[in-house]
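Please open the model in a viewer and keep the selection panel at hand. The tour proceeds from the whole chain to individual residues.

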Amino acid sequence: MKKSILSMLAVAALFVSCSDDDSSNTVDPVVKTIGKLDYTPGTKLDVSGWAWKDATLTSTYTAGTTEELDDVTTDKTVDGVVYLGKTIHVQDGATLTFEAGSEVIAKKGGADINLVVDMGAKIVVKGTATEPVVFSSENGESGDWGGLTILGKGISTGGLNVEFEVGAFPYGGTDNADNSGSIEYLVVRGTGAQIDSESQTNGISFCAVGSETVVNHIAVIDGDDDGVEFYGGAVSASEVHLEDNSDDSVDWTEGWSGGITNLNIVHNNTGFSTAFEGDKENNNPTFTNVTAVSTVGGTALQFKKASGATITNLYLEGYENEIEFKDADLFVISNVKINGSVAVIK
């Protein structure tokens, strides 16, 4: 969530030596930490059939007529249009369901406008390819509202009952198979509001969300921070489209151990941070069929500290730097594997 300043275009170096009892294991003493990848590019993901990702609001808010969403204390189903005029919580034990084609019109109120699914609660989004569910401000402009935050009982290296920085909402437990519901065919627009000088909200924040949660066919577009961020947990997702999010398209931290299959990232605006940012402890998230395309340069994959990932079928296009290890004295290059091999920088 916290934005980072991209490093100058330079090559840092890390010196490593062989152990005294294994002098035969020679290692190049200089390892580049930023540059182009030496790998065989994968097949570009075909998203021509993903028309659902371009969905926008079809309704407008009318005071006194449009239903205003409030805290959900018992099971509730939305089949139509609702207005999000403040931060609301789906509370422990309750399930909030959105039928196909439903819309949430979010007030343009920055970080004060969030949809939060508490620990022990569930969200069910039942969109379809022809009738996706849309969460957006009326204009869908970057930073208009906070976004969707899901708080689970999965494992976070931050500990138990971690306080999420948006409103200090607690998350994190001991059950990586926790179930926070299901999300299918959801388009989120105009999120990423400023909290303070250091932090902003994300399009969708998965906070210690467990592996029994179903996530597929989601799009986050024009967010003024990360598209999706994973804070620990083990949830996985598939068919994910992230477009013109100003910080990181995918960010993870606190030992997330899930993955994404069929991931499409697009950058058309200058000033973004990265396509990927991995941080803190490495629990080997996996990515399969990743396409990231930039028309404005920038950095594709960034790993902080000893973080890493296993990536299969990677296609990158248009990035000035394809990979960067942010902390030259801490990184472990073997934690990043591309198509079954340790990453190599040209």
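The stops below begin with the overall fold and end at two loop residues.

Begin with the entire chain, shown as a cartoon; this is a predicted model. The chain contains 29 strands and 0 helices. Its radius of gyration is 20 Å, close to the 20 Å that the globule rule gives for 346 residues, so the chain is as compact as a globular protein of that length. Aligned to its principal axes, the C-alpha trace spans about 75 × 40 × 35 Å.

Next, display the surface. About 13,700 Å² of the chain is exposed, and carbon and sulfur atoms supply 47% of that area. Of the 346 residues, 55% count as buried. Selecting the charged side chains brings up 20 positive and 51 negative charges, whose mean positions are 2 Å apart.

Now select the aromatic side chains. The structure holds 16 aromatic pairs. Which residues form one aromatic cluster? The members are Phe206, Phe230, Trp252, Trp256, Phe276, Phe287, Phe303, Phe325 and Phe331.

Move then to alanine 208, in the loop between β17 (204-207) and β18 (214-221). Its phi is near 55°, a positive value in a residue other than glycine. Is alanine 208 buried or exposed? Alanine 208 is buried, with a relative accessible area of 0%.

Finally, select aspartate 222, in the loop between β18 and β19 (228-231). Aspartate 222 is not a glycine, yet has a positive phi of about 60°. With a relative accessible area of 24%, aspartate 222 is partly exposed.

How values were computed
Residues are numbered from 1 along each chain as its sequence is written. This is a predicted model: local features need pLDDT of at least 70, side-chain atom pairs count only at pLDDT 80 or more; totals for chains, interfaces and linings use all residues. Side-chain values use heavy atoms; hydrogens and water are left out. Helices (H or I, at least four residues) and strands (E, at least two) are DSSP runs, numbered from the N terminus. The radius of gyration is taken over C-alpha atoms; the globule rule is 2.2 Å times the number of residues to the power 0.38. Buried means under 20% relative accessible area, exposed over 50%, partly exposed in between (1.4 Å probe, protein chains only). Accessible areas come from the Shrake-Rupley method with a 1.4 Å probe; for residues, only the protein chains shown count as cover. Lys and Arg count as positive and Asp and Glu as negative; His and the chain ends are not counted. The place of a charge is taken as NZ of Lys, CZ of Arg, CG of Asp or CD of Glu. Rings of Phe, Tyr and Trp (its six-membered ring) pair if their centres lie within 6.5 Å; planes under 30 degrees apart count as stacked, over 60 as edge-to-face and the rest as tilted.
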